[in-house]
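Subject: Structure handover

Hello,

Here is the structure I promised to pass on. Please open it first, then read the notes below.

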Amino acid sequence: MEKPKCKWYYKDKCRDITWKLFGAYLLILVLMVCVGTANAQIKVTQFNAGWNSANEVSWVQKLSDCKTISYVDIGKDKEAQSKHKIAVVPTIIIFKDGEEVARFQADLSFKMLATREEVQDEIDNQLMSDF
């Protein structure tokens, strides 16, 4: 290949490559922020009591796409019980942006009625509602 006559040829070529790389990195950064924002909005809390540990919902910790999964013992935290109006345990509440969007409660025998799939479907629906 014949060497270009312009002495700025290589310098301009480096600038083009630099801007293309910068654009690619910027696009990746924007995508990461968008994905991170969607996951950061969902919080799942399981409310139960120490005396009802036999009916604890063990699969809650296996839910995906949640920023936070927490456990509240209403026997020890009466304020949380009254704030969230917990009448039966276990109760699973899904929060989005700090607001309750779904609630799953046990029946009168303290057995959780909802399945892991139903709760995960609700989480997925909440995430998809942003798009």
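**Overall layout**

The protein has three helices and four strands. Helices (H or I, at least four residues) and strands (E, at least two) are DSSP runs, numbered from the N terminus. Along the sequence they follow the pattern α-β-β-α-β-β-α.

Some ground rules. This is a predicted model, in which local features need pLDDT of at least 70 and side-chain atom pairs count only at pLDDT 80 or more, while totals for chains, interfaces and linings use all residues. Residues are numbered from 1 along each chain as its sequence is written, and side-chain values use heavy atoms, with hydrogens and water left out.

The protein has 131 residues, and 32% of them count as buried. Buried means under 20% relative accessible area, exposed means over 50%, and partly exposed is in between (1.4 Å probe, protein chains only).

**Strand 1 and its partners**

Start with strand 1, residues 42-48. Six of its seven residues are buried, so strand 1 is largely enclosed by the rest of the structure. Two strands pair if DSSP finds at least two bridges between them. Strand 1 pairs with strand 3 (residues 91-96) in the antiparallel sense, over six bridges. Strand 1 also pairs with strand 2 (residues 68-73), in the parallel sense and again over six bridges.

V44 is a good residue to click on. In strand 3, I94 stands opposite V44. In strand 2, the residue opposite V44 is I69.

**Helix 3**

Helix 3 covers residues 116-128, 13 in total. From first C-alpha to last it reaches 18 Å, close to the 18 Å expected at 1.5 Å a residue. The expected span is 1.5 Å times one less than the number of residues.

Which residues of helix 3 are buried? They are V119, Q120, I123, Q126 and L127. These residues cover an arc of only 120° around the axis, which puts them on the same side of helix 3. The arc is that of the directions from the helix axis to the C-beta atoms. The face turned away from the buried side carries the exposed residues E117 and M128.

**Helix 2 and the loop after it**

Helix 2 spans 78-83. A80 is found in helix 2. A80 is buried, with a relative accessible area of 11%. Its C-alpha atom is separated by 8.9 Å from that of F47, and the two residues are 33 residues apart along the chain.

The loop between helix 2 and strand 3 deserves a look. K85 is found there. K85 has a positive phi of about 55° although it is not a glycine. K85 is exposed, with a relative accessible area of 64%.

A87 is in that loop between helix 2 and strand 3 too. A87 is exposed, at 75% relative accessible area. The C-alpha atoms of A87 and A106 are separated by 9.7 Å, with the residues 19 apart along the chain.

P90 also belongs to the loop between helix 2 and strand 3. A cis peptide bond joins V89 and P90, with omega about -5°.

**Another positive phi**

D65 lies in the loop between strand 1 and strand 2. D65 is not a glycine, yet its phi is positive, about 65°. D65 is partly exposed, with a relative accessible area of 34%.

**Charges and the surface**

Side chains of opposite charge can pair when their charged atoms come close. How many salt bridges does the structure hold? It holds one. A salt bridge is a side-chain nitrogen of Lys or Arg within 4 Å of a carboxyl oxygen of Asp or Glu. The partners are E100 and R103, with the closest N and O atoms 3.0 Å apart. E100 is partly exposed, at 37% relative accessible area. R103 is partly exposed as well, at 26%.

Last, the nonpolar surface. W19, F22, L26, L29 and V30 form a nonpolar patch there, with about 540 Å² of accessible area together. Patches are made of residues with over 30% relative accessible area and no salt bridge: like charges are joined within 9 Å, nonpolar side chains (Val, Leu, Ile, Met, Phe, Trp, Tyr) within 5 Å. Accessible areas come from the Shrake-Rupley method with a 1.4 Å probe; for residues, only the protein chains shown count as cover. One of the patch residues, L29, is found in helix 1 (residues 9-40).

Best wishes
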